[in-house]
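Dear colleague,

I am handing over the structure we spoke about, and below it you will find my notes on what was found. Please read them with the model open beside you.

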Number of protein chains: 2
Amino acid sequence: MDFRKRDNVSVDCVIFGLDTDGLKILLRKRTLNMFSDDYPVVDDWIITGGRVFISKTLEASANRIFEDSTNFSVFNRTQFRTYGNPSRIKSDKDLLWVRSHGVKNQSMTIAYYFTQPIDCIDVDENEFKWFSVNALPELGFDHYEIIRDAHEDLKLKIMVEPIIFDLMPDKFTLNELQFAFESVLDIELDNRNFRKKVLKKTYIVPLNETKKGTAKKPSKLYVFSRDVYDKVSEKDFIINV
Amino acid sequence: MDFRKRDNVSVDCVIFGLDTDGLKILLRKRTLNMFSDDYPVVDDWIITGGRVFISKTLEASANRIFEDSTNFSVFNRTQFRTYGNPSRIKSDKDLLWVRSHGVKNQSMTIAYYFTQPIDCIDVDENEFKWFSVNALPELGFDHYEIIRDAHEDLKLKIMVEPIIFDLMPDKFTLNELQFAFESVLDIELDNRNFRKKVLKKTYIVPLNETKKGTAKKPSKLYVFSRDVYDKVSEKDFIINV
DNA sequence: ACAAAAGTGTTCGTCATACACCCATGC
DNA sequence: GCATGGGTGTATGACGAACACTTTTGT
């Protein structure tokens, strides 16, 4: 077993989360002070990443990075792209930061995204923060591009795979499910038509249980049954855009 | 400029081609004789791949590999997956072959596929051969898996991007286009309904020109206009499955 | 009783599906 | 003139789109 890491390949993780505000991304603070504590040379945000172990799978490396940031170990992981342009790192800021961390000027990264409800995750708030996908802060490296690609891929995948349920709690209401689609796709859906379609899906199973909100009518809860989903041939998914 | 190659990362290319028989893949012969010319230890097929240059983009490396195999330099290239399991190479055959070629037992490969009509491509027939996707020979490494993943990705992408036209000649008939969809998706389509949908698409432009076949009614030719396609908001693609 | 979100039905138009015959040409 | 693939129209049913009011609860 070889516990070294590859010196020229890393894994980056875009961490998506959903809460009642919508779709968010977990970012890590990046700062670098060279002259004074008050005037950081670098002061922005990045997605989490790290080098890969020589003798582990890429997936294992991605899981470890995800776990380090989130203290959570359910891995809804999708590999979506590999970035290998040698001039990816070229801004002064990025070069400074890389050098000051004693990392080789590596250029290749395999990018994954992870999808889960935000309230599963307990982060160190000094280092990490959730940002709405529509209001991202200044980002280091090419991480804006990586996040955009991840989001595009996620939009595609939720049309054809049941990945939306990874963003939901186990038990959810139909309105929560609709909100999840709306948040990811950044569109609005008609509530009545949405319910009609959902109720036809055998893999979305109603419970004899309701969710009591703050001060309103309780709503019925449903679960996603992966067993049923895997057996149904009718794989057409919930919405068409 | 650094002309060395990375010693632990390669690029693999799945080369799709379409002709009147259907969808095919270009494979390279892999043989290894250790004891006798008559009894090769390794005798199967692989997709083409190679190591990547340190100071070039992955895309440039993929293009070079594609060009080396095909003598063709139009690059309809799609990156679809990166494979990094350290135990990818584990069969005796694969290990023998790797060692006898003085290559490090590398484990990581970024996989691309290329899409074009077969008759653009002129291959060295001693080394390369086209195989129907439904009748693949014995394959080395994990290349069966890679090809399957490429095909799955292609099936998805043709539903949502105009990649089908990469498999067609510039001028094509509607029946040829239908055959292309049928070949890639391995389904049958109703000819009349297909034509109805296609004729609605403004980006599929009829020519005042016909194609004379061997002994039948000449058929009308069409071209795909990327200019129009890029400007249309109606991006819904040709078929629904 | 009222505020707040949950839940429900109908109409209309479009589009997918299924299906069978005539057309233009080369030989 | 016949064989071959090219090309066309219609009827039916399903489904997406648009749309407004009633229900249930907590306070």
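**The sheet in domain 2 and the DNA**

Within chain A, Lys211(A) has Ser219(A), a residue of β10(A), as its bridge partner. Before going further I should say that this is a predicted model, and everything that follows should be read with that in mind. The two strands concerned, β9(A) and β10(A), run antiparallel and are joined by five bridges. They belong to an open sheet of three strands in chain A, which has the order β8-β10-β9 and antiparallel pairing. At its edges are β8 (171-172) and β9 (204-211) of chain A, each of which pairs on one side only. As general background, the strands of a sheet pair through backbone hydrogen bonds, and they may do so in parallel or antiparallel fashion.

For residues 165-224 of chain A, UniProt gives the feature "domain: NrtR DNA-binding winged helix", and the entry is an unreviewed one. In the model this span is 37% helix and 27% strand, and its end C-alpha atoms lie 7 Å apart.

Ser219(A) appears again beside the DNA, since it is listed with Arg192(A), Lys220(A), Asn193(B) and Lys217(B) as the closest of the 21 residues that surround DNA strand C. The surface near DNA strand C draws at least two residues from each of α4 (174-185), α5 (191-200) and β10 (219-224) of chain A, and likewise from α5 (191-200) of chain B. Divided by class, the residues of this surface are four nonpolar, six polar and 11 charged.

Around DNA strand D there are 21 residues, of which Lys217(A), Arg192(B), Lys217(B), Ser219(B) and Lys220(B) come nearest. Here α5 of chain A, together with α4 (174-185), α5 and β10 (219-224) of chain B, each supply at least two residues of the surface. The surface near DNA strand D has four nonpolar, six polar and 11 charged residues.

**How the two domains of chain A meet**

Chain A is divided into domain 1 (5-158) and domain 2 (162-231), and the C-alpha centres of these two domains lie 29 Å apart. Where they touch, 11 residues of domain 1 of chain A are in contact with 10 residues of domain 2 of chain A. On the domain 1 side, β2 (22-32), β6 (108-117) and α3 (143-158) of chain A each supply at least two residues, and the largest share, four residues, comes from α3(A). That side of domain 1 consists of five nonpolar, four polar and two charged residues.

**Where chain A meets chain B**

The contact between the chains takes 18 residues from chain A and 18 residues from chain B. On the chain B side, β1 (5-19), β5 (77-83) and β6 (108-117) each supply at least two residues, and the residues of this side divide into eight nonpolar, seven polar and three charged.

One residue to look at here is Thr82(A), which is found in strand β5 (residues 77-83) of chain A. Is Thr82(A) buried or exposed? It counts as buried because 25 other C-beta atoms lie within 10 Å, where the cut-off for a buried residue is 20 or more. Beyond its neighbours within four places in sequence, Thr82(A) is in contact with Ile110(A) and Ala111(A) in its own chain, and with Leu58(B), Gln79(B), Thr82(B) and Ile110(B) in chain B. Thr82(A) and Ser10(A) are 72 residues apart in sequence, and their C-alpha atoms are 9.9 Å apart in space.

With best wishes

Definitions and conventions
Residues numbered from 1 in each chain as written. Chains lettered and ligands numbered in written order. Predicted model: local features only at pLDDT ≥ 70, side-chain atom pairs only at ≥ 80, totals over all residues. Buried ≥ 20, exposed ≤ 12 C-beta atoms within 10 Å, placed from the backbone. Contact = placed C-beta atoms within 7 Å. Nonpolar A, V, L, I, M, F, W, Y, C, P; charged D, E, K, R; others polar. Near = placed C-beta within 6 Å. Domains from an automatic or database assignment. Pairing = 2+ DSSP bridges. UniProt positions renumbered as here; feature names shortened; annotations may be inferred.
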